Each structure stands twice: as C-alpha cells, then as structure tokens.
Amino acid sequence: MGHIAVVAPDNDLASLCEDVARSLDAGQTPVRVVVGSLRSGLDVARGEGASGAEVIVSRGGTALVIRENLPVPVVEVTVTAIDLLYTLNDAWDFARNVVVMGFRNVIDSLEGIDSVLSERVRVPLHRIAISDQDDIPRKITEAIRRYTREGLVFVGGSLIVDAARQSGCRAVQLRSGRESVARALRDATTLVQAVRSENERANLLKTILDSISDGVLAADSSGNITLFNRAAESILGVKAVNVVGRKVSQSIPESWFHLSVESHRPDIGSVKKVGDKTIVLNRLPLVVDRRTIGAVATFQNATQLQRLEEIVRKKLAGGGLVPKYSFDDIVAMSGKMRETVSLAARFGATERTVLVVGETGTGKELFAHAMHRVSPCRFGPFVSINCAALPENLLESELFGYEEGAFTGARKGGKMGVFELAHGGTIFLDEIGSIPERLQMSLLRVLQEREVMRVGGERVVPVNVRVIAATNAKLEELVWADKFRADLYYRLNVLNLRIPPLRDREEDVFPLIQHFLRKYLASEANVHTVLSNRALHLLTQYEWPGNVRQLENLVERLCTVYEGKPLHESQVAKALDPEPTLETGILEIRRAIDSEDGVLGKAEKALIHRVLREVGGNRTEAARRLGISTTTLWRRLKAAGARQEPGPGA
C-alpha cells in the first residue's frame, strides 16, 4: 500500500501538516511528513517516490521543482491572501515596504492583494518572482537598492528569509493556514483514489494485452512507441523497456515496419519479414475527433497462425469435417505422378465434380483431401463416406439423413445426412461403383437439383456441395451391363483424374520407402541404414499389386522386426509373402483381362473359383468383388475353359 508524502519547506509547515493529517480521515492512505526545500526537497521527494509515495504534497517553489522533475502527481498547498495577511500580522508596526518573494506559482496566487494593502494599510506590497534557488541573493540585493532598507520587510520561504536576514534586512517566513493545508491533504486523498483506479485500469489493460497471442504496437502521431505488449517482445525480439518512448524507426530495424505504422493508411493482412520470421501484419490509424493521433499495429508469427489453423482443423477432424492431407503429403518424383498432381491441383481449384479412378491402394482419397484444400470451398467442411462399407438401407440414411420416426430406432429429432453436413464444402464418395441401383436415382437428383429429401421426410433441403467421387472399378463396364446409370456416370465424370499404379511410377518407390520409414521409425530414419542394397533392389523391382497401401504395410512390418542392423533380402522376401492373396489375385485378373491376350494363369483361375465359393456361386457378387462385369466374368471363364460354379445368379 502506498502513501501520501508531504515535503514541507520548513519545520513550521511540517508540524502543521502532521497536526492536520491526524485530525483528517485520510482513509487507508497513510500520510508521511518530511522536511526539504527546493533542491533538498527534490531529493527527499525522489526518495519518497522510490518508497511508494503515490502523491506528493508541497508548497511554493518546492512543489514547482518536484512537479517539473518527478512523474509522481503533486498537490500544492496554495498560498492565499489570508495566509499573507496572517504572516504580516506582526510586521505592520515597522513595515514601510513589503517584498513578497517566491517562485511564479506563489507570486501569481497573490495577484491583486498589493493594491488592497496599499489602499487599506498604507503599506506598499511588491511581488518579486524568482526562477531558481541561486536567483535569491541577486533578487534580494536588487530589492534593497530599489527600496530603502529602513522599514523593508521580506516575506517568503525559509531560504529567502535566511538570505534576507544575512543581508541585514528584516524577514518574515510565509506561513500557511490550517485550512490551506487541510484542503491540500483532502485533494491528495482524492487524487490517490483516482490514481489507484487509473492504475487498476492500466494494469487490467496491460494484463489483457500481455495475455493475447497477437503482438500489439501503438505509436503516437510523431511515430513514438506508446504501447508494446509481451507478444510483440517475443515476435520482434526486443524488450518493451527498450523501445517505449522511442521512435518506431529507431526501435524496429525493418524500414517497412515503421513506414507502415507511421502511415495514415490502413494495411490489412500484409505478409512481412522480420529477420528469419514471417509475420502477418494489420495496421489501422487511431482517429479521434477526425484527427489522426497515431496508429496501432497487430501482428502474428505466420508459423503460429499455421499451428493454430492446424489445431482448429484437428479439433474439427474429430467430427470428420476437415481434410487430413494436402498435396505436400503426396510423394511425386516420377513424371507421371507429377503430371497427375499438377492436373489434380487444377481440378481442385474449380468447383466442378471430379471422378478419381485408380486401383486399390493408389491414394484416391489422399487426392480428394488435397483437392478440397485448394478448392474455393476449402473453408467449408470435408465429409467422406465409403459407399461399399454400408448396407443399402443404412447407406441411404447416411447419405440423405432421416426424419424422426422414419424407421424403428431412428434418433429423436432425426439426423442430417452427409450431404447436409457437407453444405458449403466437399463430399467425397468413395467406391461410388458400389452404390446400389435404387439409390443411384436419388444421388442423381441431388447432383442435378442440389437438394436432398431425408428418409421419411416431406420437404427438400437445398445443399451447395462440391462432389468428388472415386472408384477402382470400371464404371463404363457397369454402365454397359446396366449396373450403373449412364446419366449418373456422365454427371460424375465431368473431370476425370486417373491415379497411376505404383508399378508405373518406379521412381516413387524409393522416396515412398524413405517416407514410411521416417513415419514408423523416426524422423531421421534412412533407407540405407534399415535395408541392405539387395533388399532395397528387391523392393524397387517388385510390381506392387497392392500399390502404395501394400508398400506402406510392408514398411510397417519391416520396421517392427528392425533391430538396428540393415535387413537382408531374405527377410524382405519373407515379408513380401509371394503367395497370392485375394487382393493381389484380383489385380492380376484385372491386368490379364486388360492385356491384349487376356490369358489367365492357373493361380488366377483358382482365385476366381475361390471368390465364387466364398459368395456361394453368385456370379453377380463375384464379379462385383472382382471389379468386372458378369458378362466379362462369364466370357473369361469360358475362354479359359474354367468349370462354371453353380449357385445363385447362374
């Protein structure tokens, strides 16, 4: 808790101030009285300020000197005509000329009393102002020369009284009345409360400014820094104590910064360099009563903004409404892949529907995420749904939503479908070739009319959604086999993006291995420390029927068995598992069908029969799982002389 310091120029005033302070209710603010005049008073006041004085009370020249040299508020014990008359009460009998000497604030306060005394008391009163403590002897000498020494009385503070007496003149020390002292102490108490309230507001503002992540810099109309918060210290690398009060041009090394802050023009969203940092700057002029009094700049480290964006995206990702990947996540060293990425970036920058075609494991969903990130609707949601993962009735409600009571177990209040969730953003329809025929018409209507009707609903809901669909099946064959609506196919196939299989982009195998090693081991993992040359050669020559997904799974398995020594070729060969799996076999069948001779090997025939057995001989389901039409399946089996499996769909 601070205090009120009274710096009294003499002991008499000090005693009076102590007596008045005891009789007044100064609240919880203690009053401390010390003695000091002019220079000594300034030194005493400095000490009081350092020890917590919130307001200083003093009189005359001492008050003036303290006010001019210290930042602490000063309340002056004013000198009134009554105080002067009270002082001169004992000097009327011998006074012929009265010289009141003091600093300008004392002399001005007695203006007009000289004429009153001259007329009523018949004693001339002369007011002489001094500007400095050293001015006192000279002014006294001049007064003695101007007025006769006999009957000359000097009135002033203790230093003036002492100097006059040393010159052989009579002198009376100026005394303040009790009411003047009481008024000054009451004013000081009020001022303390005001100062505390202002300090509380200032501290609150400083706390607020220091708690925000944006750097804040304010400057006055002359370009001098008036405010510099903690974030500004961190971003610009300078301390507030070293720059507040100085010009921006002297404090911030980059010339563009002070030109921006001192300019009277707004500057929003500028990207600037500060040393090795990139910041985003907003600057606005401060205008009061149509007059520009300065400017304020707020700025953030661009890296921090990116981190905040990432945090927001991760939180939103809990609902699956933001993309996880960008084009930076796509490894593209080969010419084919670079062309594909370039084309995808051009497609992504539009709002048109895109059909992404590629084998299983080529990264179709990765491209969908990346295209949304560069699209005009990138600030909207990104919603993904796999059309092959849900049964027909559940898929319908997931796509279009449902109303309350639409079916047994329907959620109270109903539920939005993914098209409504994706409003203003992108919907990714994966495995679009698997969507049941009954739902294809509903999907076509959404694409054409941009509106959905919930299951069990009676009203349409308008939606603005950008569609990206993906398939690993040949939709053309499904159209020819009347399994996929032609009008829906052409509605989806506006922009066609084909993802090359990994076997056609050999240059990407090595960097992909490096990428996945660092993902599953450590950021500094290196291909040559994990794999022997022969093992690496085996991987780069492999055809990768499962594409990038198979490669990632393999690298994850290798990282599991890695013990700090390069893995041998035999270990890698074992991890590759040369025995054909259902997925790799299906891909081999597709490649054989696509080839000119279309010859199926024994293993492929065996896999076809395996699929037929698993689906109970249903050739329609088998063809769907193989990604070919039933006609093509029948034709290939007949050409190969394969035994036809009986069962449903025969």
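## Close-up views of a predicted model

**Figure 1. Strand 9 and strand 13 pair side by side.** Strand 9 (residues 215–220) and strand 13 (residues 291–301) are joined by six bridges in the antiparallel sense. The model is predicted. One bridge links glycine 215 to phenylalanine 299 in strand 13. The pair belongs to an open sheet of five strands, ordered 10-9-13-12-11. Pairing in this sheet is antiparallel. Strand 10 (225–228) and strand 11 (267–274) are the edge strands, and each pairs on one side only. On average, neighbouring strands of the sheet are turned by 25 degrees against each other, direction ignored.

**Figure 2. A four-strand sheet has parallel pairing.** The strands of this open sheet run in the order 2-1-3-4. Their pairing is parallel. Strand 2 (31–35) and strand 4 stand at the edges. Each has a single partner strand, so one side of each lacks a neighbour in the sheet. Here, too, the average turn between neighbouring strands is 25 degrees, direction ignored. Five bridges hold the parallel pairing of strand 1 and strand 2. Within this pairing, valine 6 stands opposite valine 33 in strand 2. Helix 3 packs on the sheet and touches strand 1, strand 3 and strand 4. The direction of helix 3 makes about 145 degrees with that of strand 3.

**Figure 3. Helix 3 has buried residues that pack against strands and helices.** Which residues of helix 3 are buried? They are Gly60, Gly61, Thr62, Ala63, Val65 and Ile66. These buried residues pack against strand 1 (3–8), strand 3, strand 4 (74–77) and strand 5 (97–103). They also pack against helix 2 and helix 5 (104–109).

**Figure 4. Helix 2 crosses helix 3.** Helix 2 (residues 38–50) and helix 3 (residues 60–69) pack with their axes 9 Å apart. The angle between them is about 50 degrees. The two helices are therefore oblique to each other. The crossing of helix 2 past helix 3 is right-handed. On the helix 2 side, the contact is made by Leu38, Gly41, Leu42, Ala45 and Arg46. On the helix 3 side, Gly61, Thr62, Val65, Ile66 and Asn69 meet them. Of these helix 3 residues, Gly61, Thr62, Val65 and Ile66 are buried.

**Figure 5. Glutamate 54 is a buried residue of strand 3.** Strand 3 spans residues 53–59 and contains glutamate 54. Is glutamate 54 buried or exposed? Its relative accessible area is 15%, under the 20% cut-off, so glutamate 54 is buried. Leaving aside residues up to four places away in sequence, glutamate 54 touches Gly2, His3, Val72 and Pro73, and also Val192 and Arg196.

**Figure 6. Helix 24 has a buried side and an exposed side.** In helix 24 (residues 533–541), Ala535, Leu536 and Leu539 are buried. Why do they lie on the same side of helix 24? They cover an arc of only 100 degrees around the axis, which puts them there together. On the other side of helix 24, Asn533, Arg534 and Gln541 are exposed. Several helices help to cover the buried residues of helix 24. Included are helix 22 (509–520), helix 23 (527–530), helix 25 (547–561) and helix 26 (569–576).

**Figure 7. Arginine 450 and aspartate 482 have positive phi values.** Arginine 450 is not a glycine, yet its phi is positive, at about 55 degrees. Arginine 450 sits in the loop between helix 19 (437–449) and strand 17 (451–453). Its relative accessibility is 32%, so arginine 450 counts as partly exposed. Aspartate 482 is also a residue other than glycine, with a positive phi near 60 degrees. The loop that holds aspartate 482 lies between helix 20 (475–480) and helix 21 (486–492). Aspartate 482 is exposed, with a relative accessible area of 59%.

**Figure 8. The whole chain, for orientation.** The protein chain has 30 helices and 20 strands. Of its 650 residues, 48% are buried. Take the contacts between residues at least 6 apart in sequence: 64% of them join residues at least 24 apart.

Key:
Residues are numbered from 1 along each chain as its sequence is written. This is a predicted model: local features need pLDDT of at least 70, side-chain atom pairs count only at pLDDT 80 or more; totals for chains, interfaces and linings use all residues. Side-chain values use heavy atoms; hydrogens and water are left out. Buried means under 20% relative accessible area, exposed over 50%, partly exposed in between (1.4 Å probe, protein chains only). Contact means heavy atoms within 4.5 Å. Two strands pair if DSSP finds at least two bridges between them. Axes are lines fitted to C-alpha atoms, for helices over the stretch in contact, and angles run from 0 to 180 degrees between N-to-C directions. The arc is that of the directions from the helix axis to the C-beta atoms. Angles under 35 degrees count as roughly parallel, over 145 as roughly antiparallel, 65 to 115 as roughly perpendicular and the rest as oblique. A crossing is left-handed if the near helix is turned anticlockwise from the far one by less than a right angle, and right-handed if clockwise.
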